[in-house]
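Reader: Could you take me through this structure slowly, one question at a time, and show how each answer is reached?

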Amino acid sequence: MPVSDEGYQHIEHGFEPVFDRRSRVLVLGSFPSVLSRANTFYYGNPQNRFWRVMAACLGVPVPPNEGDALASGEPATLDASVAAKRAMLLNGGVALWDVIESCDIKGSSDASIRNVVPARIELITSNASIEQVICNGGTAGRLYKRYLQERTGLPAVVLPSTSPANAAWRLERLVERWGSATTWAL
């Protein structure tokens with residue numbers, strides 16, 4: 001990854017969206033964090049509350065992170081963690097992707113994002129009957145409105161970020177707000 005001026009790197013997203021033909025709610029983040037890019041899956045920082053919030057909204061157990069103990073007592077592998085998270089979303093009718101396909105960014109900082117290439121959202125919208133778009137945080141909401149809303153024809157509900165950097169929103173408050181935003185498990 002070539003480093004450009006001021007510590008920026010041009011980064012490609014690096015992994016595919018999660019969806020199937022039964023997906024009805026599309027949750028969009030802005031762009032994967034450094035940890036997510038390393039894991040090649042969404043919300044890879046164990047401190048990010050996304051998986052706990054989604055599990056609560058869908059009324060299912062929280063899927064394990066890599067290293068968490070499974071029912072067998074064995075630690076979950078990265079592959080097992082990703083499979084459990086993917087299954088939870090798909091079983092709940094939830095698609096997951098990011099607004100940005102590639103950009104210049106410093107580390108994981110949404111505030112540093114520039115030179116955006118938006119995601120090919122039609123990959124999802126032409127293969128699933130998406131009824132609602134939810135953006136995880138203000139940056140995802142702004143970028144969605146700027147680059148993708150016209151292409152989907154759907155306004156987005158912008159919800160508070162599940163990022164650990166959003167310390168003003170405790171887990172319980174996030175679950176309440178996210179849970180009231182839509183009818184999960186369509």
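**Strands, helices and two buried residues**

Reader: Which residue of β4 is the bridge partner of Q9?

Author: In this predicted model, β1 is joined to strand β4, residues 100-105, by four bridges, and the two strands run antiparallel. Within that pairing, the residue of β4 that serves as bridge partner of Q9 is I105.

Reader: What is the order of the strands in the open sheet of three strands?

Author: The pairing in this sheet is antiparallel, and the twist from one strand to the next averages 10°. Its edge strands are β1 (9-12) and β5 (114-118), each of which pairs on one side only. With those two at the edges, the order is β1-β4-β5.

Reader: Why is one side of β3 and of β7 left without a neighbour in the sheet?

Author: Four strands with parallel pairing make up an open sheet, in the order β3-β2-β6-β7. Strands β3 (94-98) and β7 (156-159) stand at the edges of this sheet, so one side of each has no neighbour there, and the reason is that each has a single partner strand.

Reader: Which residue of β7 is the bridge partner of N136?

Author: Strand β6, which covers residues 132-136, runs parallel to β7 and is joined to β7 by four bridges. N136 has its bridge partner in β7, and that partner is L159.

Reader: At about what angle to β6 does helix α5 run?

Author: Helix α5, residues 138-147, lies across β2 (25-29), β6 and β7. Its buried residues are T139, A140, G141, L143 and Y144, and these pack against several elements, including β2, β6, β7 and α6 (149-152). Relative to β6, the helix α5 runs at about 130°.

Reader: Are α2 and α7 parallel, perpendicular or oblique to each other?

Author: Two packed helices are described by the angle between their axes and the distance between the axes. Here the axes of α2 and helix α7 (residues 171-179) come within 9 Å and cross at roughly 50°. That angle is neither under 35 degrees nor over 145, and it does not fall from 65 to 115, and α2 and α7 are therefore oblique.

Reader: How many of the residues in the contact of α2 with α7 are nonpolar?

Author: The crossing of α2 and α7 is right-handed. On the α2 side the contact is made by F50, R52, V53, M54, A56 and C57, while α7 contributes L171, L174, V175, W178 and G179. These residues divide into one charged, one polar and, as the number you asked for, nine nonpolar.

Reader: Is G44 buried or exposed?

Author: G44 lies in the loop between α1 (34-39) and α2 (50-58). Not counting residues up to four places away in sequence, G44 touches L35, S36 and N39. Because its relative accessibility is 16% and the cut-off is under 20%, G44 counts as buried.

Reader: How far apart in space are G44 and V82, C-alpha to C-alpha?

Author: Along the sequence, G44 and V82 are 38 residues apart. In space, however, the C-alpha to C-alpha distance between G44 and V82 is 9.5 Å.

Reader: What is the relative accessible area of R37?

Author: R37 has its place in helix α1. Leaving out residues up to four places away in sequence, R37 touches I11, F15, F31, P32, I105 and G107. R37 is buried, and its relative accessible area is 16%.

Conventions. Residues are numbered from 1 along each chain as its sequence is written. This is a predicted model: local features need pLDDT of at least 70, side-chain atom pairs count only at pLDDT 80 or more; totals for chains, interfaces and linings use all residues. Side-chain values use heavy atoms; hydrogens and water are left out. Two strands pair if DSSP finds at least two bridges between them. Contact means heavy atoms within 4.5 Å. Axes are lines fitted to C-alpha atoms, for helices over the stretch in contact, and angles run from 0 to 180 degrees between N-to-C directions. Buried means under 20% relative accessible area, exposed over 50%, partly exposed in between (1.4 Å probe, protein chains only). A crossing is left-handed if the near helix is turned anticlockwise from the far one by less than a right angle, and right-handed if clockwise. Ala, Val, Leu, Ile, Met, Phe, Trp, Tyr, Cys and Pro count as nonpolar, Asp, Glu, Lys and Arg as charged, and the others, Gly among them, as polar.
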